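Open the model in your viewer and keep the sequence panel visible. The stops below give a selection each time, followed by what is there.

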Amino acid sequence: MSSLIIIGGGPGGYKTALHAANNGLKVIIFEQQHVGGTCLNVGCIPTKTYVHSATFEEAIERQPQVVEQLRAGVETLLSHPNITLIRERASFVDDHTVETPSGQRYTADNIIIATGSSTKYIPVEGLDYPCVVDSTGLLALKELPHRLCIIGAGVIGMEFASVFRRFGSEVTVVEFLKECLPAIDSDIAKRLRKVMEKQGVKFHMQCAVRRIEDGKIFFANKKGQEECVEADVVLMATGRKPNTEGLNIEALGITLERNGAIPVDDNFEVAAQGWASHIYAIGDVNGRQMLAHAAEYQGHHVVNHILGREDHIRFEVMPAAIFTTPEAASVGPSEDQLKEASVPFECHKSFYRANGKALAMNATEGMVKLCCEPDEGRLISCHAYGAHAADLVQEATAYITLGASLSQLRETVHIHPTLSEILIEAN
Ligand code: NAI
């Protein structure tokens, strides 16, 4: 029986452990904190609990209950006879061996690094003021901030801006770039930002934060003039960096990428870098796609690779959602990216306001954009914002993964009345 060490018990690590164990591998998984990682404990799950709570008070009451229940579920799953959970930090001794701070050593045929990421701070003065928090700190607040300033209009910044505005905070977002959500279609990003502006979120775009003084955020506006926002809490949402500290990966001779990520090949194997085989890096730590589901599928693929099994996971078809109100979601290249790459395509749009179910739900704000090859050919990408945008994009993901065309999507019978009909209405 082949053996596997997994370092990190987040969604990448624990789901991979289960897949491996169910396929007969002997697994040792190391987790220095709580199982479930950032996603379950201080990321996706707590933030979604906030999104689905009517008030801040309800959110902070429900959050620990939801997290505790899910964590208990993961612990039960990890009690699998083929899995040993070690609640300690692991660091490399050599390419088959790790050790824990207590000095215990463990060896395995294969090792997967799944240590995730942590907040990346920008180098500005004043980060040590107690009012400056990262997403974990924001989720630990017991009182709703009257004024919240968010630095960075990426996924984390936009999700928290949306939910804290709904709870009643005055929210100001300061963003370096021209548009929010740089990773998604700029048309969708702009429309979502406009909706959030109407909800009362203030945006300062093309502004670079210079320094923070207690309760004051100083930034240069696009004309280079200094402006200041006052806030009770400042959220740093300027990206995340791979967690490699303390792993002693230097002992393996791995040279990290410039962004701190562990370089991997298309099997997520570190081996391609020239010296070690049987060591893999999955999830945020390899910096490819910082998404819980990306980590999970990468781990699935790694186990299949270890077992010598082929799979057909299409990692380039990676859907993602932003859980603002309304949601935004996308899969595949944006319209801008397609133009830049001179890919021939056509773009079909439809709006929620023309959909019966959306009208009935009083959720008429939203749009879906489908990009496909000319003449209603193969679907390339889908971008959306509006109620349940993630579910609509998930449907498009299935078509794109299977290589289907826009006409095949349109010829698929859709239930009436559903939001899904927005996809077939795109013209
Ligand atoms: P991000 O990379 O999405 O956005 C960071 C933003 O900060 C960028 O727009 C950047 O231009 C801006 N920024 C950087 N320096 C700045 C400065 N000095 N002044 C003003 N703005 C500045 O990073 P984020 O939002 O922290 O998220 C980290 C990762 O976590 C992402 O990869 C994201 O995909 C993932 N994540 C995914 C979620 C989801 O799938 N729903 C939820 C939360 C996080």
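In β14, which residue is the bridge partner of E213? Select E213 and look across to β14: the partner is K216. Bear in mind throughout that this is a predicted model.

**Stop 1: the sheet around β14**

Widen the selection to β13, β14 and β15. These 3 strands form an open sheet in the order β13-β14-β15, with antiparallel pairing. β13 (208-213) and β15 (226-230) are the edge strands, each of them pairing on one side only. From one strand to the next, the twist averages 25°. Now hide β15 and look at the remaining pair: β13 and β14 (residues 216-220) run antiparallel and are joined by 5 bridges.

**Stop 2: another open sheet**

Next select β4, β5 and β6. They make an open sheet of 3 strands in the order β4-β5-β6, again with antiparallel pairing. β4 (91-94) and β6 (105-107) each have a single partner strand, so one side of each is left without a neighbour in the sheet. Neighbouring strands here are turned by 35° against each other on average, direction ignored. β4 is joined to β5 (residues 97-99) by 3 bridges, and the two run antiparallel. To find the register, select S91, which stands opposite E99 in β5.

**Stop 3: strand β7 and its partners**

Select residues 110-113, which are strand β7. Are its side chains buried or exposed? N110 and I112 point one way, I111 and I113 point the other way, and all are buried.

Add β1 (residues 3-7): 4 bridges join β1 to β7, and the two strands run parallel. L4 has N110 in β7 as its bridge partner. Then add β18 (residues 279-281), which also runs parallel to β7 and is joined to it by 3 bridges. Here I111 has I279 in β18 as its bridge partner.

**Stop 4: a proline in a loop**

Go back along the chain from β18 to P263, which lies in the loop between β17 (240-242) and β18. P263 counts as buried because its relative accessibility is 8%, and the cut-off for buried is under 20%. For a distance check, pick the C-alpha atoms of P263 and L138: they are separated by 31 Å, and the two residues are 125 apart along the chain.

**Stop 5: strand β16**

Select residues 233-236, strand β16, which is covered on both faces. V233 and L235 lie on one side, V234 and M236 on the other, and all are buried.

Bring in β9 (residues 132-133), which pairs with β16 in the parallel sense over 2 bridges. V133 has L235 in β16 as its bridge partner. Then show β10 (residues 147-151), joined to β16 by 4 bridges and running parallel to it. L148 stands opposite V233 in β16.

**Stop 6: helix α1 against helix α8**

Select α1 (residues 11-22) and α8 (residues 292-307), which pack at an angle of about 30° with their axes 8 Å apart. The crossing of α1 past α8 is right-handed. On the α1 side, the contacts come from P11, G12, K15, T16, H19 and A20. They meet A292, A295, E296, G299, H300, V303 and N304 in α8.

Keep α1 alone for a moment. Of its 12 residues, 10 are buried, among them Y14, A17 and L18. The end C-alpha atoms of α1 are 16 Å apart, which agrees with the 16 Å its 12 residues should span at 1.5 Å a residue. Just after the helix, G24 takes a positive phi of about 90°.

**Stop 7: helix α7**

Finish with residues 186-198, the 13 residues of helix α7. From first C-alpha to last, α7 reaches 18 Å, close to the 18 Å expected at 1.5 Å a residue. At its start, a side-chain oxygen of D185 reaches to within 3.2 Å of the backbone nitrogen of D187. D187 is one of the buried residues of α7, together with I188, A189, L192, R193, V195 and M196.

What covers these buried residues? Show α6 (155-167), β12 (202-204), β20 (328-331), β21 (346-351), β22 (366-372) and β23 (379-386), which are included in the cover. Just after α7, select G200, which takes a positive phi of about 110°.

Methods: Residues are numbered from 1 along each chain as its sequence is written. This is a predicted model: local features need pLDDT of at least 70, side-chain atom pairs count only at pLDDT 80 or more; totals for chains, interfaces and linings use all residues. Side-chain values use heavy atoms; hydrogens and water are left out. The expected span of a helix is 1.5 Å times one less than its number of residues. Buried means under 20% relative accessible area, exposed over 50%, partly exposed in between (1.4 Å probe, protein chains only). Contact means heavy atoms within 4.5 Å. A polar contact is a pair of N or O atoms within 3.5 Å; within protein, one must be able to donate a hydrogen and the other to accept it, and residues adjacent in sequence count only if both atoms are side-chain atoms. Two strands pair if DSSP finds at least two bridges between them. Axes are lines fitted to C-alpha atoms, for helices over the stretch in contact, and angles run from 0 to 180 degrees between N-to-C directions. A crossing is left-handed if the near helix is turned anticlockwise from the far one by less than a right angle, and right-handed if clockwise.
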